[in-house]
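Good morning, everyone, and thank you for making the time. Please have a look at the model on the screen before I walk you through its nonpolar cores and its aromatic rings.

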Amino acid sequence: MRKFFQEIKADLKFKTAGPGQKLSEPSRVPKEKPKAEAAPKARQGPTDEAQMAAAAALARMELKAKAKLPSSQEAIKNQVRKELMAEAAASEKGLSTEEKDLASPDREGAAALSVSGVYFICPLTDAVVRKDKKEKHLREAIQSYFSVDPVAASIMEIHTFNKDREKVRVGVETMAKYLDNICLHPEEEKYWKIKLQNKVFQEKISCLEGIHKFFQAIGFERKTLPTTEEYYILKKEMLTKLEDLKHYKEQLLSSEPVRAQLDRQLSVFKPSPEAARFELPSDFYNLTAEDIKREQRLRTEAVEKASMLRTRAMREKDEQREMRKYNYTLLRVRFPDGYILQGTFYAREPVSVLYNFVREALRDDWLPFELLGPGGLKLTDENLAFNECGLVPSALLTLAWDAAVMGDIQASGQEQPASPLKPELLSRVQTLS
């Protein structure tokens, strides 16, 4: 079977080109079969659309880069993980039963929910944490790294915990100018000192969380001069390490916030009549308790509102308000054999993310397919967001294979696998309750 798939892929690859690619002529001449052999019955080749779809899939497969984690980042992960594990072991006995239950994604009481909550993966520790614990965990992870690299840790704090990105940009650029002056004029003492009460310093730098830790990490000392004014003064030994200061400046300017990655919580379920039923936790809603009460009241008025003659502008306004209610969406994709693939997504992610999610779960990810939304609507525009397609806060979609390609596979007479999903996913298949 694998050999047959390879032949189909080779055939499609030479006949077609994906979007943005140039058609190329085959570099090999098909071998002629011996005349003595009876030629098999010719079958109809894939349609142009099928070939284009398969070629696009092949291009994505071949161009997908599997970036290796830089060794420095791996060192950060290992050290931070070690520090946090030690802290967790020391405080484990102090956790209340309630806290332990909240920390567990599989806690009892969430059995009736389609998913127990929204979870994130910490890039520093690889730990999976619930949404409401995300920032606390990031803080602890960054704090643990101060013992390893205080400069890098302070830069992480500056870029991660100051939410106003414009203030961060202005602050780090101003700080970079201070360091540039020192590196360009190391002999001038006036550049070694930074007055804390300076208006520019107060407005652009001092307001940033983590900035004072950064000053101390790169070699500044906080001192009160005889004038009773406070200054940051660069230690004299740092004047012999100007290259280090330049490196710290570049590191400060080029760094990005540490962002936890949304955990897809990929799950596979057996065929079930309950596939279209969703019970979501409050994590999926961008609503307060008061908003939820108001929402319940508004739903009781929906029948009356539906009977009113509303303008297009009124309908669009309601739709926009509806879209903003949800930050996340739980999506299920049902395969032709009835098996169901489930994942968690941001409500504003594009449909292309779902196509990639499904493709990565396939045993043969080159097979072309389409996704059909509720009502059988084809999701052809992969740039649209889920909330723009009405796929929030949950939806059941259907996967449809390309008929021509599947016809070729069936005509081959080759034995097909029981399921198109990867064996490792099928090994942990669940039953929808």
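Let me begin with a term: a charge is said to sit over a ring if NZ of Lys or CZ of Arg is within 6 Å of the ring centre and within 35 degrees of the ring normal. Please keep in mind that this is a predicted model. In that sense, the charged end of K134 sits over the ring of F120, 4.2 Å from its centre, and the charged end of R332 likewise sits over the ring of F278, also at 4.2 Å from the ring centre.

F120 brings us to the ring pairs, of which a search of the whole structure finds 14. Through such pairs F120, F284, Y328 and Y346 are linked into a cluster. Within it, the ring centres of F284 and Y328 lie 6.3 Å apart with their planes at 75 degrees, so this pair counts as edge-to-face. F284 belongs to the loop between β7 and α11, whereas Y328 belongs to strand β8, 44 residues away, and the pair thus links distant parts of the chain. Both F284 and Y328 are buried.

Now to the cores. The largest nonpolar core has 33 residues, and F335 and L354 have the most contacts inside it. Among the elements that give two or more residues to this core are β8, β9 and α14, and α14 provides the largest share, seven residues. Leaving aside residues up to four places away in sequence, L354 touches L331, V333, F345, L371, F386 and L397. Apart from this core lies another, of 28 residues, including V172, Y178, M238 and Y248.

Terms used:
Residues are numbered from 1 along each chain as its sequence is written. This is a predicted model: local features need pLDDT of at least 70, side-chain atom pairs count only at pLDDT 80 or more; totals for chains, interfaces and linings use all residues. Side-chain values use heavy atoms; hydrogens and water are left out. A nonpolar core is a set of buried Ala, Val, Leu, Ile, Met, Phe, Trp, Tyr and Cys residues joined through side-chain atoms within 4.5 Å. Buried means under 20% relative accessible area, exposed over 50%, partly exposed in between (1.4 Å probe, protein chains only). Helices (H or I, at least four residues) and strands (E, at least two) are DSSP runs, numbered from the N terminus. Contact means heavy atoms within 4.5 Å. Rings of Phe, Tyr and Trp (its six-membered ring) pair if their centres lie within 6.5 Å; planes under 30 degrees apart count as stacked, over 60 as edge-to-face and the rest as tilted.
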